Amino acid sequence: MIDIRDLRADPDRARASQTARGEDPGAVDAALAADERHRSALAAFESARAEQKSFGKQVAQAKGEEKQALVARAQELSARVKQLQAEADEAATERATQMRRIGNLIIDGVPAGGEDDFVVLEEVGAPRDFSAEGFEPRDHLELGEALRAIDTARGAKVSGARFYFLLGIGARLEHALMGLAQQITQEEGFVPVVPPTLVRPATMDGAGFLDAHADEVYRLEADDLYLTGTSEVALAGLHADEIVDLSDGPLRYAATSTCYRREAGSYGKDTRGIFRVHQFTKTEMFVHCRPEDAVAEHANLLRIERRILDALELPYRVIDVAAGDLGGAAARKYDCEAWIPTQGRYRELTSTSNCTTFQARRLAIRERDPQGGGTRTVATLNGTALTSTRPIIALLENHQQADGSVHVPEALRPFLSGMESLTPAGD
């Protein structure tokens, strides 16, 4: 959540942020009112507690009937202190509830509006003109089935809608993509991680995934655990309740894991193929850094994402995501969207978010203040290196040839035994 001190100091900024997100700016006033009630209740409790301590000394020194009278009064004070403490605790809970209605404060320059109000920052590469090449492009599922790489029918038979099998070269493509992502992130100085994919509610909540998007998360009720939709969750919780050492620079991690998403609310969207699925593999980058370094780290994550997409020889664009399409924890987000020929549009492949101190405050991740005077909350950022399914879609469709084969980008060949093209089964 945001810092209550920031809210007190500049509530208009928070109201403007809420408005840009399309959320209720009245949440700011409700949080401030709850904060005032908490502060008042806490002051009353602390005053009564101080009186109780002082009175306790008098009781200890008194004797006889005087002591009996003082003991009775002490009992009344004790009951009063307990009541005031309960009221202060209740007020603190209410304040936390109201604070959670406020998303992270957006960074200046983030476009206002919703999903369609993004700003295109750059387009890289040009989509192929298949008509000039003399053939109609096939979609990824048709190509994948011809390569015996993708089987959605049997995936649905085994697990239901939005599940699939990657077979043969399809499975090898996933391994190759993750291998490339792991290689590049290690070259960039990220520590490789194999994270847990089941986390406790406190971790899921701390990362900000139980607010507006709770219906997209799988929960195992018998164990009170959640399946993660991204390694971001586990990596955010990695240093929870710790004081980290950032004196040598940011802590950078890259984790590969299986991810699970319920895709609630997506009924009827992207039902063909493997674009929107319940299970996929992803290599995710995550950074813990000083707040003043967060903007630079965000730019670095975007640079790495672009390096990977350039290696895959894909046409793509970079967009500055509008405030209303940000997750609650993100203060700014950049997406890289690859061109999908058979859809005639760009679709998201990677995403990187600057969450400033929002997640770390919930998870109590701090550092020693370099200026002295105790500790302070760190900043966290995340970025997709690669997922398994959507890049396969982009690769198959953009690199297909008229004979049904698929060109393999040079960067992937070392992970595919030097293979330069994929050919349909039987060729």
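Me: A cavity is a set of grid points where a 1.4 Å probe fits but cannot get out, and its lining residues have an atom within 4 Å of a point. With that in mind, what makes a residue part of the lining of the largest cavity in this predicted model, and which residues are they?

Reply: A residue belongs to the lining because one of its atoms comes within 4 Å of a cavity point, and by that test the lining of the largest cavity consists of L173, L395, L396, V406, H407, V408, P409, L412 and L422. Helix α13 (389-398) and strand β17 (406-407) each supply at least two of these residues. The search of the whole structure finds 1 cavity of 30 Å³ or more, and the volume of the largest cavity is about 50 Å³.

Me: How do you know which classes of residue line the largest cavity?

Reply: Leu, Val and Pro count as nonpolar, whereas residues outside the nonpolar and charged groups count as polar. Sorted in this way, the lining has 8 nonpolar residues, 1 polar residue and no charged ones.

Me: How do you know how many disulfides the model has?

Reply: A disulfide needs a pair of cysteine sulfur atoms within 2.5 Å, and by this rule the count comes to 0. C259, for instance, is in no disulfide, and the nearest cysteine sulfur, that of C355, lies 16 Å away. For C336 the closest cysteine sulfur is also in C355, at 17 Å, and is therefore too far for a bond.

Me: Why is C259 called buried, and why is C336 put in that class?

Reply: Buried means under 20% relative accessible area. C259 has a relative accessible area of 0%, so it is buried, and C336, at 0% relative accessibility, therefore counts as buried as well. Over the 427 residues of the chain, 48% count as buried, and in helix α2 (residues 11-21) the buried residues are P11, A14, S17, Q18, A20 and R21.

Me: What makes E87 partly exposed, and where is it found?

Reply: The partly exposed class lies between the 20% and 50% cut-offs, and E87, with a relative accessible area of 35%, falls there and is therefore partly exposed. E87 is found in helix α4 (residues 64-99), and its C-alpha is 8.4 Å from that of H38, although E87 and H38 are 49 residues apart in sequence.

Me: What makes the backbone at E313 and at A364 worth a remark?

Reply: E313 has a positive phi of about 60° although it is not a glycine, and A364, likewise not a glycine, has a positive phi of about 60°. E313 sits in the loop between α11 (294-311) and β11 (316-320), while A364 sits in the loop between α12 (358-363) and β14 (366-368). A positive phi, near 80°, is also found at G22, which follows α2.

Me: Why are E313 and A364 placed in the partly exposed class?

Reply: The bounds of that class are 20% and 50%. E313, at 37% relative accessibility, therefore counts as partly exposed, and A364, at 25%, does so too.

Me: What makes a contact count as one, and what share of the contacts between residues at least 6 apart in sequence join residues at least 24 apart?

Reply: Two residues are in contact when heavy atoms lie within 4.5 Å. Among contacts between residues at least 6 apart in sequence, 73% join residues at least 24 apart. The chain that carries these contacts comes to 13 helices and 18 strands.

Conventions
Residues are numbered from 1 along each chain as its sequence is written. This is a predicted model: local features need pLDDT of at least 70, side-chain atom pairs count only at pLDDT 80 or more; totals for chains, interfaces and linings use all residues. Side-chain values use heavy atoms; hydrogens and water are left out. On a 1 Å grid over the protein atoms alone, a cavity is a set of points where a 1.4 Å probe fits but cannot get out, and a pocket is an open set with protein on both sides within 12 Å along at least five of seven lines; lining residues have an atom within 4 Å of a point. Grid points are joined across faces, edges and corners, and a volume is the space filled by probe spheres set on the points. Helices (H or I, at least four residues) and strands (E, at least two) are DSSP runs, numbered from the N terminus. Buried means under 20% relative accessible area, exposed over 50%, partly exposed in between (1.4 Å probe, protein chains only).
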